[in-house]
Amino acid sequence: MGAALAGLRPIVEIMTINFTLLAMDQIINNAAKLRYMSNGQFSVPLVLRTVTGGGGQLGATHSQSFEGWYASVPGLKVAVPSTPYDALGLLRSAIDDANPVIFAEHALLYGVRGQVPEEHYQVPLGSASVRREGADITIVGYSRMAQVAEQAAEMLARQGTEAEVIDLRTLRPLDMEIIIESVKKTSRAVIVEEVWKTGGFAGEIASAIQEEAFDYLDGPVARGGGSDVPTP
């Protein structure tokens, strides 16, 4: 924080998002608040890179997904890339941003390969992406669950159902516009995330869909999430 306040743009790496709990006071009560409490006199252009999610042979204290917690805090931005292209483009945008950014990278995505342009490019924070177009149902995911959503869409296509897959890319700012446009087209929505279903960020998205697109829905918004147990 001191380096950021002095004019630098530090990138801090905390090995997993579970360990950010030890810095929660600094992240939430200091980094996220200072720009507001100083009336814009000070900015904290800090990027906190960390690893989220489970599945990598680690136990309950190393496999949690707290990005939704951080997305609920005004003053923080939260990026959750699912592809190499987005990871690089979002990271560059995060470094340029005047606000602190939680940059959560899923542990099981480090082996994913993809094309990244040699020329400089950026992916704007707050811009979701349509990974697959469809007219029957909207599936919303982020990070590794965006790739799982694409796999599910391929399975559905073999059964005659065309799903539209939306990759959020960032949780704050959240691109609700692209979600609402898709739901108005498909009339059905499922939100998938890895975190526990109780208190998950998917609940916020589901609520927003029902507030903004209720008349277009042919059924209740569904959520898929983790079981309410510590990760085995």
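Which residue in strand 4 is the bridge partner of Thr52? The partner is His106, and this pair is a good way into the model above.

A few ground rules come before the tour. The model is predicted, so to speak of local features a pLDDT of at least 70 is needed, side-chain atom pairs count only at pLDDT 80 or more, and totals for chains, interfaces and linings use all residues. Residues are numbered from 1 along each chain as its sequence is written, and side-chain values use heavy atoms, with hydrogens and water left out.

## The sheet around strand 2

Helices and strands here are DSSP runs numbered from the N terminus (helices are H or I with at least four residues, strands are E with at least two). Two strands count as paired if DSSP finds at least two bridges between them. As general background, strands of a sheet pair through backbone hydrogen bonds, either parallel or antiparallel.

One open sheet has five strands in the order 1-2-4-3-8, and its pairing is mixed. Strand 1 (11-14) and strand 8 (170-172) stand at the edges with a single partner strand each, so one side of each has no neighbour in the sheet. From one strand to the next, the twist averages 20°. Axes are lines fitted to C-alpha atoms, for helices over the stretch in contact, and angles run from 0 to 180 degrees between N-to-C directions.

Strand 2 joins strand 4 through six bridges, and the two run parallel. Strand 2 also pairs with strand 1 in the parallel sense, over four bridges, and there Ile11 has Val47 of strand 2 as its bridge partner. Five of the six residues of strand 2 are buried, so the strand is largely enclosed by the rest of the structure. Buried means under 20% relative accessible area, exposed means over 50%, and partly exposed lies in between (1.4 Å probe, protein chains only).

At the other end of the strand order, strand 3 (residues 77-79) pairs with strand 8 in the antiparallel sense over two bridges. Ala79 has Thr170 of strand 8 as its bridge partner. Helix 5 (residues 84-96) lies across strand 1, strand 2 (47-52), strand 4 (101-106) and strand 8, and runs at about 165° to strand 4.

## The second sheet and helix 7

Another open sheet of five strands has the order 5-7-6-9-10, again with mixed pairing. Here strand 5 and strand 10 are at the edges, each with a single partner strand, so one side of each is left without a neighbour in the sheet. Neighbouring strands of this sheet are turned by 25° against each other on average, direction ignored. The table gathers some of its pairings.

| Strands | Sense | Bridges | Residues opposite each other |
|---|---|---|---|
| Strand 5 and strand 7 | antiparallel | three bridges | Val130 and Ile166 |
| Strand 6 and strand 9 | parallel | three bridges | Ile139 and Val190 |
| Strand 9 and strand 10 | parallel | four bridges | Trp196 and Gly226 |

From strand 9 the chain crosses through helix 8 to strand 10, and this β-α-β crossover is right-handed. Right-handed means that, with the strands pointing away from the viewer, the path from the first strand over the helix to the second runs clockwise.

Helix 7 (residues 176-186) has buried residues that include Met176, Ile178 and Val183. Among the elements covering these buried residues are strand 5 (129-132), strand 6 (137-141) and helix 8 (202-213), where contact means heavy atoms within 4.5 Å.

## Backbone details

Helix 7 is followed by Ser187, in the loop between helix 7 and strand 9. Phi of Ser187 is near 70°, a positive value in a residue other than glycine, and at 14% relative accessibility Ser187 counts as buried. Asn39 also has a positive phi, near 55°, but at 72% relative accessibility Asn39 counts as exposed. Asn39 sits in the loop between helix 3 (34-37) and strand 2.

The peptide bond from Arg172 to Pro173 is cis, with omega near 0°. Pro173 belongs to the loop between strand 8 and helix 7.

## The cavity

Where do Thr52 and His106 turn up again? Both line the largest cavity, and other lining residues include Ser65, Glu67, Tyr142, Arg144 and Glu194. The structure holds one cavity of 30 Å³ or more, and the volume of the largest is about 40 Å³. On a 1 Å grid over the protein atoms alone, a cavity is a set of points where a 1.4 Å probe fits but cannot get out, and lining residues have an atom within 4 Å of a point. Grid points are joined across faces, edges and corners, and a volume is the space filled by probe spheres set on the points.

Notes:
On a 1 Å grid over the protein atoms alone, a cavity is a set of points where a 1.4 Å probe fits but cannot get out, and a pocket is an open set with protein on both sides within 12 Å along at least five of seven lines; lining residues have an atom within 4 Å of a point.
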